[in-house]
Amino acid sequence: MSKAPAKSPVSSAASALAGQSPADVDPFAAPAPVTTPETAPAGDVSKGQKLIRKLSAKNIIGKIDPKTLPLEFKPLYRLAGVVTGYESGESGFGPWECLTGEFAAVVVATGEIFAGNKAFVPSGQGDGIVAAAAHALRNDAKAKIKFAVDIAARQVMRGTELGYEYNVIPLVKINVKNEALDMLSNLPA
């Protein structure tokens, strides 16, 4: 009896993000010819996914022109993943923190899918995911933290300059054992 090829974990994450069961998607099959990038629904895995080393707003969306953003927060991309670790460091722009594990993102406007093993979540509410991961991993080195968020942006005036700011909108409750972090994850955005 022949054994079916194993499903790629990244393909499984991308399939789940697109609302499909991983069992329904064969990561080794060629994309379905009936769907084109122009006609595929958002998150359609048949369009293929781009594997990149790190998922960040810059790598997923590119340069943002604040003039194209509304005054209210508009979701730019959806990010989901399983955190198994985190890294931190210092760059010319200051300190940074990065989640490690399995991640997938889908661009809301185009349905383009990205997958990778590092994710940078914008500061602010995204810090709660990093804090939850750090807390869980301190207590259990094999801990896995599942999350799904929308990364949204809006235009803001900073003095006389037009800029933008991010908002991280949780889509699922993060399982946190720290009571203070649990309270933060339940606050409205």
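Helices (H or I, at least four residues) and strands (E, at least two) are DSSP runs, numbered from the N terminus. The model is predicted, so local features need pLDDT of at least 70 and side-chain atom pairs count only at pLDDT 80 or more, while totals for chains, interfaces and linings use all residues. Residues are numbered from 1 along each chain as its sequence is written, and side-chain values use heavy atoms, with hydrogens and water left out.

**Exercise 1. State how many helices and strands the protein has, and give their order.**

Solution.
Step 1. The protein has four helices and six strands.
Step 2. Along the sequence they follow the pattern α-β-α-β-β-β-α-β-β-α.

**Exercise 2. Describe how strand β2 pairs with β3 and with β5.**

Solution.
Step 1. Two strands pair if DSSP finds at least two bridges between them.
Step 2. β2 and β3 run antiparallel and are joined by 14 bridges. They form a hairpin with two residues between them. One of the pairs is glutamate 90 with its bridge partner in β3, proline 95.
Step 3. β2 and β5 also run antiparallel, with nine bridges. Here valine 83 stands opposite isoleucine 145 in β5.

**Exercise 3. Describe how β5 pairs with β6, and what is found in the turn.**

Solution.
Step 1. Strand β6 covers residues 161-170 and runs antiparallel to β5, with 10 bridges joining the two.
Step 2. Alanine 152 has asparagine 167 in β6 as its bridge partner.
Step 3. β5 and β6 form a hairpin with two residues between them. Glycine 159 in the turn has a positive phi of about 70 degrees.

**Exercise 4. Count the salt bridges, then locate three of them and state whether their residues are buried or exposed.**

Solution.
Step 1. A salt bridge is a side-chain nitrogen of Lys or Arg within 4 Å of a carboxyl oxygen of Asp or Glu. This rule gives a count of four.
Step 2. For accessibility, buried means under 20% relative accessible area, exposed means over 50%, and partly exposed lies in between (1.4 Å probe, protein chains only).
Step 3. Lysine 50 and glutamate 112 form a salt bridge with an N to O distance of 2.5 Å. The pair links distant parts of the chain, 62 residues apart: lysine 50 is in strand β1 (residues 49-51), and glutamate 112 is in the loop between β3 (94-107) and β4 (113-119). Lysine 50 is partly exposed because its relative accessible area is 43%. Glutamate 112, at 26%, is partly exposed as well.
Step 4. Aspartate 150 and arginine 78 form a salt bridge, their closest N and O atoms being 2.7 Å apart. This pair links aspartate 150 in β5 (residues 145-158) to arginine 78 in β2 (residues 74-91), 72 residues apart. Aspartate 150 has 7% relative accessibility and therefore counts as buried. Arginine 78 has 32%, so the label is partly exposed.
Step 5. Glutamate 87 and lysine 118 form a salt bridge at 3.3 Å, N to O. Glutamate 87 lies in β2 and lysine 118 in β4, 31 residues apart. Glutamate 87 is partly exposed because its relative accessible area is 30%. Lysine 118 is at 19% and so counts as buried.

**Exercise 5. Describe the surroundings of glutamine 155.**

Solution.
Step 1. Glutamine 155 is in strand β5. Its relative accessibility is 19%, so glutamine 155 counts as buried.
Step 2. Contact means heavy atoms within 4.5 Å. Leaving out residues up to four places away in sequence, glutamine 155 touches Pro66, Lys67, Leu69, Pro70, Leu71, Leu162, Gly163 and Tyr164.
Step 3. A polar atom of the glutamine 155 side chain lies 3.2 Å from the backbone oxygen of proline 66.

**Exercise 6. Describe the largest nonpolar core and the contacts of leucine 99.**

Solution.
Step 1. A nonpolar core is a set of buried Ala, Val, Leu, Ile, Met, Phe, Trp, Tyr and Cys residues joined through side-chain atoms within 4.5 Å.
Step 2. The largest such core has 28 residues, and those with the most contacts inside it are Leu55, Tyr77, Leu79, Leu99, Phe103 and Phe147. At least two residues of this core come from each of α2 (57-60), β2, β3, β4, α3 (126-139) and β5.
Step 3. Not counting residues up to four places away in sequence, the residues that leucine 99 touches include Val83, Tyr86, Ala119, Ile129 and Phe147.
Step 4. For the whole protein, 38% of the 189 residues count as buried.

Notes: A polar contact is a pair of N or O atoms within 3.5 Å; within protein, one must be able to donate a hydrogen and the other to accept it, and residues adjacent in sequence count only if both atoms are side-chain atoms.
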